[in-house]
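Me: I'm new to this one, so could you walk me through it and explain the reasoning behind the labels?

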Amino acid sequence: MSISISQLSKNYAEQTVLKNISFEIGSGEVVGFLGPNGAGKTTTMKIITGALNYSEGSVKVCDLEVKDNTLQTNALIGYLPEQNPLYTDMYVKEYLNFVAETHGIKKDKDQLINSLIEKVGLTPEFHKKIGQLSKGYRQRVGLAQALIPNPKVLILDEPTTGLDPNQLEEIRNLIRELGKDKTVLLSTHIMQEIKAICNRVLIINKGEIVADYPDISQISQFDENNLQFEVEFLNNADLSPLENISSFAEKGKNIFSILATKDIRAEIFDFAVKTNNKILMIKPVERSMEEVFRSLTK
């Protein structure tokens with residue numbers, strides 16, 4: 001496994017930030033890390049990169065325990081933090097050259113930097129100082145520096161912040177391409193980013209992993225304990241006698257939205273027969289990713 005976390009906890013004084021979280025991420029996975037502010041996303045990412053210490057649990061990168069092998073695991077990780085720390089008085093190429101030297105890269109260094117500038121779309125701006133760049137282009141510089149050591153694992157904290165729609169699509173495509181041979185863990189608050197980039201979703205809330213969807217398509221599938229149906233009757237109906245209904249609301253003429261604790265389609269059919277009504281339409285309604293997120297992080 002590229003990333004393996006087991007029973008990880010983290011406290012800041014009296015505050016517990018992470019509570020015995022566990023998950024594994026394999027090579028070639030692009031995993032979205034979702035959670036409200038303060039849920040523990042950034043703390044988890046910093047621990048994986050070795051920027052924060054941990055005492056309880058195990059954190060491994062490519063089978064190496066991070067706290068015992070920080071130098072080795074750092075060489076395997078490319079990291080773009082949320083607050084992208086850059087030397088703003090340096091020129092783009094100068095800064096990337098500096099980062100390459102800190103990684104001990106000498107062979108074909110110029111060729112590597114030039115290829116990364118082109119890959120992340122910095123070619124129009126590479127001649128400028130970083131302080132002269134827009135926020136979007138600074139994000140591209142941060143992504144380029146994360147890729148310099150050719151890492152096996154990419155940790156990206158809000159990687160598309162500040163990008164315009166055209167830049168956004170380019171960076172999405174780049175991350176998807178990188179995910180073909182690298183492990184990518186990225187956090188974001190933008191649901192569209194998860195849908196566009198990731199093939200798996202982890203959701204964290206109050207320091208605990210509350211959901212792990214190995215296939216992103218599963219996130220909108222039905223929660224068997226919280227189902228939603230849309231029903232249209234020929235005539236108006238009073239649904240209150242039905243059992244296993246959490247709530248219902250009339251959406252249009254004789255059209256109802258129903259929340260239920262189980263699949264009640266058979267009950268609705270029996271109800272229609274008993275009340276001498278007719279069902280014109282009945283269908284389950286998939287929840288949106290936003291609805292799933294809200295229900296898990298209340």
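**Buried or exposed**

Reply: Let's start with Arg172, which is buried, its relative accessible area being 14%. Keep in mind that this is a predicted model.

Me: Why is Arg172 called buried?

Reply: Buried means under 20% relative accessible area. Arg172 has 14%, so it counts as buried. Its place is in helix 6 (residues 165-178).

Me: And what is Arg172 in contact with, leaving aside its neighbours within four places in sequence?

Reply: Arg172 touches Gln192, Glu193, Ala196 and Ile197. Contact here means heavy atoms within 4.5 Å.

Me: What makes Lys206 count as exposed?

Reply: The cut-off for exposed is over 50%. Lys206 has 55% relative accessibility, so it counts as exposed. You'll find Lys206 in the loop between strand 9 (200-205) and strand 10 (208-213). Its phi is near 55°, which is a positive value in a residue other than glycine.

Me: Then why is Gln7 called partly exposed?

Reply: Partly exposed covers what sits between under 20% and over 50%. Gln7 has a relative accessible area of 44%, so partly exposed is the label. Gln7 has its place in strand 1. Its phi is positive too, about 50°, although Gln7 is not a glycine.

**The sheet with strand 1**

Me: Which order do the strands take in the open sheet that holds strand 1?

Reply: There are four strands in the order 2-1-4-5, and the pairing is antiparallel. Strand 2 (15-25) and strand 5 (64-65) are at the edges.

Me: What makes strand 2 and strand 5 edge strands?

Reply: Each has a single partner strand, so one side of each has no neighbour in the sheet.

Me: How do you know that strand 1 and strand 4 pair?

Reply: Two strands pair if there are at least two bridges between them. Strand 1 (residues 3-12) and strand 4 (residues 56-61) have five bridges, in the antiparallel sense. So they pass the at least two bridges that pairing asks for. Ile5 has Val59 of strand 4 as its bridge partner, and Ser9 stands opposite Glu56 in strand 4.

Me: How many bridges join strand 4 to strand 5?

Reply: Two bridges join them, and the strands run antiparallel. Pairing needs at least two, so that is enough. Lys60 has Glu65 in strand 5 as its bridge partner. The hairpin of these strands has two residues between them, and there Cys62 takes a positive phi near 50°.

**Helix 1**

Me: Where does helix 1 lie?

Reply: Helix 1 (residues 41-49) lies across strand 1, strand 2 and strand 4, at about 115° to strand 1.

Me: Why is helix 1 said to be largely enclosed by the rest of the structure?

Reply: Seven of its nine residues are buried, so helix 1 is largely enclosed. The buried ones are Lys41, Thr43, Thr44, Met45, Ile47, Ile48 and Thr49. Just after helix 1 comes Gly50, with a positive phi of about 90°.

**Helix 3 and the largest pocket**

Me: Which residues of helix 3 are buried?

Reply: In helix 3 (residues 92-102), they are Val92, Tyr95, Leu96, Val99 and Ala100. Seen down the axis of helix 3, they fall within an arc of 140°, so they line one face of the helix. These buried residues pack against helix 4 (109-119) and helix 5 (135-147).

Me: Which element gives the most to the lining of the largest pocket?

Reply: That's helix 3, with four residues. The lining has 20 residues, and Tyr79, Tyr95, Val99, His103 and Gln145 lie nearest the pocket's centre. The volume of the largest pocket is about 430 Å³.

**Another sheet**

Me: What is the order of the open sheet that holds strand 12?

Reply: The order is 12-13-11-14, four strands with antiparallel pairing. Strand 12 (245-252) and strand 14 (279-284) each have a single partner strand, so they stand at the edges with one side lacking a neighbour in the sheet.

Me: How do you know that strand 12 and strand 13 pair?

Reply: Strand 12 and strand 13 (residues 255-260) have six bridges in the antiparallel sense. Pairing takes at least two, so they qualify. Ile245 stands opposite Ala260 in strand 13.

Definitions and conventions:
Residues numbered from 1 in each chain as written. Predicted model: local features only at pLDDT ≥ 70, side-chain atom pairs only at ≥ 80, totals over all residues. Heavy atoms only, no water. Axes fitted to C-alpha atoms, helices over the stretch in contact; angles between N-to-C directions. Buried < 20%, exposed > 50% of the residue type's maximum accessible area, 1.4 Å probe, protein only. Arc of directions from axis to C-beta. 1 Å grid on protein atoms, 1.4 Å probe; cavity = no way out; pocket = protein on both sides within 12 Å on 5 of 7 lines; lining within 4 Å. Points joined across faces, edges and corners; volume = space filled by probe spheres on them.
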